[in-house]
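Here is a short report on one protein chain. It starts with the overall fold and then turns to helix packing.

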Amino acid sequence: MNWELAWQLAVELAQISLFAVGGSTSILPELHLRIVENNAWASEAQFAEMVGLSQAAPGPNMLMVSLIGWKIAAF
């Protein structure tokens, strides 16, 4: 597991969550900007797959954050 990336991801998500109003789908544009465009941790296709899987799975939509952590920091 890459602890440095895990810590950096946690900081990025904490910053986003401080100003999030409206659930996890409201943070998708900012999440996409930080993960795909700014840090290049995932490609467009990988991000779309993670969002699609989190929407299709039962449970809360915040499953997306777990999938991103699993992909980026190899949890």
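## Fold and helix packing

From the N terminus on, the elements of the protein chain run α-α-α-α. The chain has four helices and zero strands. The model is predicted.

**Confidence.** The protein chain averages a pLDDT of 85. At least 70 is the score of 97% of the residues. Among the elements, helix α2 (residues 28-38) has the highest mean pLDDT, 91. Helix α4 has the lowest, 82.

**Overall size.** Along its principal axes, the C-alpha trace spans about 30 × 25 × 20 Å. The radius of gyration of the protein chain is 12 Å. A compact globule with 75 residues would have a value near 11 Å, so the chain agrees with that expectation.

**Helix pairs.** Two packings involve α1, one with α4 and one with α2. The table sets out their geometry.

| Pair | Axis separation | Angle | Handedness of crossing |
|---|---|---|---|
| α1 and α4 | within 9 Å | roughly 150° | right-handed |
| α1 and α2 | 11 Å | about 155° | right-handed |

**α1 against α4.** Helix α1 covers residues 3-18, and helix α4 covers residues 63-73. Their axes come within 9 Å and cross at roughly 150°. An angle over 145 degrees counts as roughly antiparallel, so α1 is roughly antiparallel to α4. Which residues of α1 meet α4? They are Leu5, Ala6, Leu9 and Leu13. On the α4 side, the partners are Val65, Ile68, Gly69, Ile72 and Ala73. By class, this contact has eight nonpolar residues, one polar residue and no charged residues.

**α1 against α2.** These two helices pack at an angle of about 155°, with their axes 11 Å apart. The angle therefore makes α1 roughly antiparallel to α2. The crossing is right-handed. From α1, the contact takes Glu12, Leu13, Gln15 and Ile16. From α2, it takes Glu30, Leu31 and Arg34. What is the make-up of this contact by class? The contact of α1 with α2 has three nonpolar, one polar and three charged residues.

**Putting the two contacts together.** Leu13 of α1 appears in the contact with α4 and also in the contact with α2. The α4 contact has no charged residues, whereas the α2 contact has three.

Conventions: Residues are numbered from 1 along each chain as its sequence is written. This is a predicted model: local features need pLDDT of at least 70, side-chain atom pairs count only at pLDDT 80 or more; totals for chains, interfaces and linings use all residues. Side-chain values use heavy atoms; hydrogens and water are left out. Axes are lines fitted to C-alpha atoms, for helices over the stretch in contact, and angles run from 0 to 180 degrees between N-to-C directions. Angles under 35 degrees count as roughly parallel, over 145 as roughly antiparallel, 65 to 115 as roughly perpendicular and the rest as oblique. A crossing is left-handed if the near helix is turned anticlockwise from the far one by less than a right angle, and right-handed if clockwise. Contact means heavy atoms within 4.5 Å. Ala, Val, Leu, Ile, Met, Phe, Trp, Tyr, Cys and Pro count as nonpolar, Asp, Glu, Lys and Arg as charged, and the others, Gly among them, as polar. pLDDT is the predictor's confidence in each residue, from 0 to 100. The radius of gyration is taken over C-alpha atoms; the globule rule is 2.2 Å times the number of residues to the power 0.38.
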